[in-house]
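Grab a coffee and work through a few short exercises on the model shown here. Each one has a task and then a solution you can follow step by step.

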Amino acid sequence: MSIEFVDLKRQYLSIKDEIDEAIAGVIDESAYILGDRVAAFEEAFAAYCGAKHVIGVANGTDGLRLALIACGVAPGDEVITVPNSFIATAEPIAELGAIIRFIDVRPDTMLMDVDQLAGAITEKTKAIVPVHLYGQMCEMDRIMELAEAHDLVVIEDACQAHGARLGDRRAGAIGDAAAFSFYPGKNLGAYGDGGCVTTNSDAVAAIVRLMRDHGRKGKYEHEVLAFNSRLDGLQAAILSVKLKHLDDWNVGRRANAARYAEALADVAAAGDIVLPVVRDDAEPVWHLYVAQVTKDVPAVAGRRARNMRDELRNALATEDIATGIHYPVPLHVQPAVTALDLGYGAGDFPVTEAAAERIVSLPHYAELTEDDISQVADAVREFLARPEEV
Ligand SMILES: *Cc1c(COP(=O)(O)O)cnc(C)c1O
């Protein structure tokens with residue numbers, strides 16, 4: 001049986017009646033842009049995250065952009081983030097004329113290496129953007145402490161971390177602001193684009209609210225030049241239905257991660273693959289299940305040793321098992337970023353660069369059954385147990 005990388009249809013079928021009713025309700029009211037449905041979702045998601053304000057926007061990238069602006073990041077300011085992320089972490093920083101400053105990630109969690117943070121702070125640093133990648137939160141206590149000591153703002157990229165926890169605090173409730181994406185494949189996904197900003201600051205919330213909607217104070221009264229970045233009623237109604245299921249889905253993802261860990265324990269012990277590492281203080285929501293293939297084809301006369309990640313992916317593909325790489329090209333060597341002339345090049349962030357060669361994301365979502373997980377794990381184990389072809 002084939003196993004998709006994400007299967008949004010399976011999830012829809014499990015909540016079809018609720019979703020269909022919500023969609024029909026919005027069409028009946030014909031309230032398509034912002035409105036009561038958006039306000040209701042904002043309130044529900046704020047309560048869920050434990051944040052004072054949630055402002056719905058058009059997508060997660062806009063969420064980051066509006067959060068950066070509202071937190072006072074201006075042209076020429078330096079913003080520290082990591083190269084192991086999706087391009088949308090970097091895009092809005094550069095777009096508003098601020099300067100991206102990368103630090104590397106840790107080899108175990110592949111999240112921001114906070115040990116490198118102090119050394120990256122300069123007179124010009126204004127903000128830190130930790131990325132809670134794969135659904136696990138960064139070491140926020142240490143990040144917030146450094147930010148406070150240096151008077152910096154912290155904007156969480158929580159686009160993969162809906163519901164993730166550090167103790168009793170959730171993603172989106174710790175930094176000065178956070179951005180979430182409701183892209184369909186995210187843990188909480190809309191049926192189109194969507195996103196939001198969360199914040200405990202009344203001032204930040206007011207700016208985001210103003211700037212998502214043409215800087216509008218009255219219908220035709222525009223306070224500042226801004227954007228059209230609104231969440232629509234249909235998406236908000238869908239998100240409100242799905243929010244009620246989010247914790248259950250995250251529990252399902254956690255259970256599937258535990259099944260992978262158990263089924264792959266022997267190949268991990270043999271040193272052929274490194275399974276995802278969770279810090280003791282973190283409770284991730286497993287947006288992605290990212291393992292690192294450590295098995296190499298040994299070097300022979302005239303040929304270098306090479307990692308078997310791509311061979312593993314091909315082997316799984318022949319069994320109709322889809323996999324992904326998050327992400328194959330680190331941000332500092334993306335053409336869009338090298339064009340900014342930040343002075344970075346290959347070799348600057350060895351942990352991220354090494355990971356990019358080895359990481360593989362296995363199919364991973366709440367609706368996968370125990371049998372599905374076994375099928376994937378068996379295929380991985382079979383491949384890694386084969387003697388290397390030289
Ligand atoms: C998805 C994602 C974004 C951007 O979200 P969009 O809604 O697609 O704009 C930003 N950062 C990370 C880490 C993401 O995974």
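**Exercise 1.** Find the loop that holds H214, then work out whether H214 is buried or exposed, or in between.

*Solution.* Start with the location: H214 is in the loop that links α8 (202-211) to β10 (216-218). Keep in mind that this is a predicted model. Next, check the backbone: phi of H214 is near 60 degrees, so we have a positive value in a residue other than glycine. Most residues other than glycine have a negative phi. Last, the surface: relative accessibility is 31%, and because partly exposed covers the range between 20% and 50%, H214 counts as partly exposed.

**Exercise 2.** Do the same for S30: which loop is it in, and what is its phi?

*Solution.* S30 sits in the loop between α2 (16-29) and α3 (36-49). Its phi is near 50 degrees, again a positive value in a non-glycine residue. With a relative accessible area of 44%, S30 is partly exposed.

**Exercise 3.** Look at the peptide bond from H326 to Y327: is it cis or trans?

*Solution.* Read omega: it is near 10 degrees, and the bond is cis. Then place Y327, which lies in the loop between α11 (309-318) and α12 (335-338). For background, most peptide bonds are trans.

**Exercise 4.** Which polar side-chain atoms lie by the ligand's oxygen atoms, and how far away are they?

*Solution.* T61 has one 2.5 Å from a ligand oxygen, and Q160 has one 2.8 Å from a ligand oxygen. The protein buries 93% of the 380 Å² that the ligand exposes when taken alone. To finish, the ligand sits in the largest pocket.

Notes:
Residues are numbered from 1 along each chain as its sequence is written. This is a predicted model: local features need pLDDT of at least 70, side-chain atom pairs count only at pLDDT 80 or more; totals for chains, interfaces and linings use all residues. Side-chain values use heavy atoms; hydrogens and water are left out. A polar contact is a pair of N or O atoms within 3.5 Å; within protein, one must be able to donate a hydrogen and the other to accept it, and residues adjacent in sequence count only if both atoms are side-chain atoms. Accessible areas come from the Shrake-Rupley method with a 1.4 Å probe; for residues, only the protein chains shown count as cover. On a 1 Å grid over the protein atoms alone, a cavity is a set of points where a 1.4 Å probe fits but cannot get out, and a pocket is an open set with protein on both sides within 12 Å along at least five of seven lines; lining residues have an atom within 4 Å of a point. A molecule sits in a cavity or pocket if more than half of its atoms lie within 2 Å of its grid points. Helices (H or I, at least four residues) and strands (E, at least two) are DSSP runs, numbered from the N terminus. Buried means under 20% relative accessible area, exposed over 50%, partly exposed in between (1.4 Å probe, protein chains only).
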